[in-house]
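Reader: Could you take me through one spot in this structure up close? I'd like to know what sits around it and how it fits into the rest of the chain.

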Amino acid sequence: MTATWAAPGRINLIGEHVDYNEGLVLPFALSMATTASVTANDSGVVTVTSDTADEPATFSVDVQPGDVTGWAAYVAGVVWAVREKIDQPAEGAGDPAGGISGLEVTIRSDVPVGAGLSSSAALECSVACAINAELGLGLDRVTIAALARRAENDFVGVPTGSMDQLASMLCEEGHALFLDCRTMQTRAVPFDPDHADLTLLVIDTHAEHELAGSEYGDRRTSCEEAASRLGLDSLRDATLDQVTSLSDPVLLRRARHVVTEIHRVSDVVQRLEAAGQTAEIGGLLTASHQSLRDDFEVSCEELDVAVSSALLAGALGARMTGGGFGGCAIALCPSAAAGAVKQSVRAAYDEHGWREPTIWAASPARGAASVEPDPG
Ligand code: ADP
Ligand code: MG
């Protein structure tokens, strides 16, 4: 038998750089997805091919962290995390169904890689879902998201939060996923721009700045320091009055972003849940961008130009999305203005002599799902 599952990439609508402050985030799934087909065998090895990789990869079924590097580490990490899970079934659970004695894995994807749309979680989740189905493991979606995150954190070695994997597993069509990073509670929030004659454009700037890695660590440290100076475990508990009392101007601005951003996420959720207020989130998206640019200082010229040129041409709101220093921006537009917004962004990039950005309309899609394998 062969099991085939597709898992999507995601965009974070709002709630940036707040996951590691136990804050609130609001991602939605893209229709772009990674599809994994898994066939079990008794070879003792896992063989993986991907349409985006030149060479197939092969590793032992009892692969350990450090054994595999490069793109195949994301797949090996999932195999490792699943094996660890089924080797130690929860108390009271039935026998693990069979274990892993060999797998053939085939990957196809139309999620842009490294653009901040979470191709990594799409890859991990599609593979984990297909293994779960092929071996009849009966793992639920939240458990699969946790295994996928474990693969990325503890096997690949990238210290991400849970948002990407939970979004890929739990999102619903026409909805965003409200995630409280403190309690890990989630809720589907209606978000259907088309229904309100709106278009959500994604603008891939193709910009990549070296800073991203080191600055990310630096921001995390600043947030921890600000919380500790306020005598708090995390900035989730801080008020605006508290953070504006911080004497260090840099810590003040970093913390102010976190506190105001968490408020903006709540505001957006409130508006989306009040029928007919989708257009009203525009101002909050733009305020988020300004805060990320001025207080958190994680934007870059390419993102700022994408946002300002979109607003100039009639977008209701626009912001950078993802960690910053490159990647994608989003712009919420009246559908009638979407063409003009695209043109305005392209013209601004042309004026700067930058590579043409890729721009497309995104509709909130479903999370991971079983698909019919390709015939042939
Ligand atoms: P993002 O998740 O934002 O796309 P990451 O750096 O987290 O960026 O993950 C990108 C990496 O994930 C790629 O460099 C590659 O190693 C791996 N990857 C993602 N999708 C695929 C795929 N379809 N096939 C092979 N490797 C992939
Ligand atoms: Mg990623």
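Here is the part I have in mind. Which helix holds Arg 264, is Arg 264 buried or exposed, and which residues does Arg 264 touch?

Author: Sure, let's start at the residue and work outwards, bearing in mind that this is a predicted model. Arg 264 sits in helix α7, which covers residues 249–273. As for cover, Arg 264 has a relative accessible area of 10%. The cut-off for buried is under 20%, so with its 10% Arg 264 counts as buried.

Now for the neighbours. Leaving out anything up to four places away in sequence, Arg 264 touches Ile 14, His 257, Leu 284, Ala 287, Ser 288 and Ser 291. One of those partners, His 257, also falls within the 249–273 stretch of helix α7. Another, Ile 14, belongs to the other end of the domain map: the assignment gives domain 1 as 3–187 and domain 2 as 192–361, which puts Ile 14 in domain 1 and Arg 264 in domain 2. Val 25 is worth a look too: its C-alpha atom is 10.0 Å from that of Arg 264, though 239 residues separate the pair along the chain.

Stepping back to the two domains, their C-alpha centres lie 27 Å apart. Where they meet, 25 residues of domain 1 are in contact with 39 residues of domain 2.

And the chain as a whole? You'll find 10 helices and 13 strands in it. The radius of gyration is 21 Å, close to the 21 Å that the globule rule gives for 376 residues, so the chain is as compact as a globular protein of that length. Its C-alpha atoms fill a box of roughly 60 × 50 × 40 Å along the principal axes. Arg 264 is buried, and 53% of the 376 residues count as buried as well. Take the contacts between residues at least 6 apart in sequence: 70% of them join residues at least 24 apart.

Last, the surface and the charges. The chain exposes about 15,900 Å², with carbon and sulfur atoms supplying 47% of that. It carries 24 positive and 53 negative side chains, and the centres of those two sets are 5 Å apart.

Note on methods:
Residues numbered from 1 in each chain as written. Chains lettered and ligands numbered in written order. Predicted model: local features only at pLDDT ≥ 70, side-chain atom pairs only at ≥ 80, totals over all residues. Heavy atoms only, no water. Helix = DSSP H or I, 4+ residues; strand = E, 2+ residues; numbered from the N terminus. Buried < 20%, exposed > 50% of the residue type's maximum accessible area, 1.4 Å probe, protein only. Contact = heavy atoms within 4.5 Å. Rg over C-alpha atoms; globule rule 2.2 N^0.38 Å. Areas by Shrake-Rupley, 256 points an atom, 1.4 Å probe, with all protein chains shown as cover. Lys, Arg positive; Asp, Glu negative; His and termini not counted. Charge placed at Lys NZ, Arg CZ, Asp CG, Glu CD. Domains from an automatic or database assignment.
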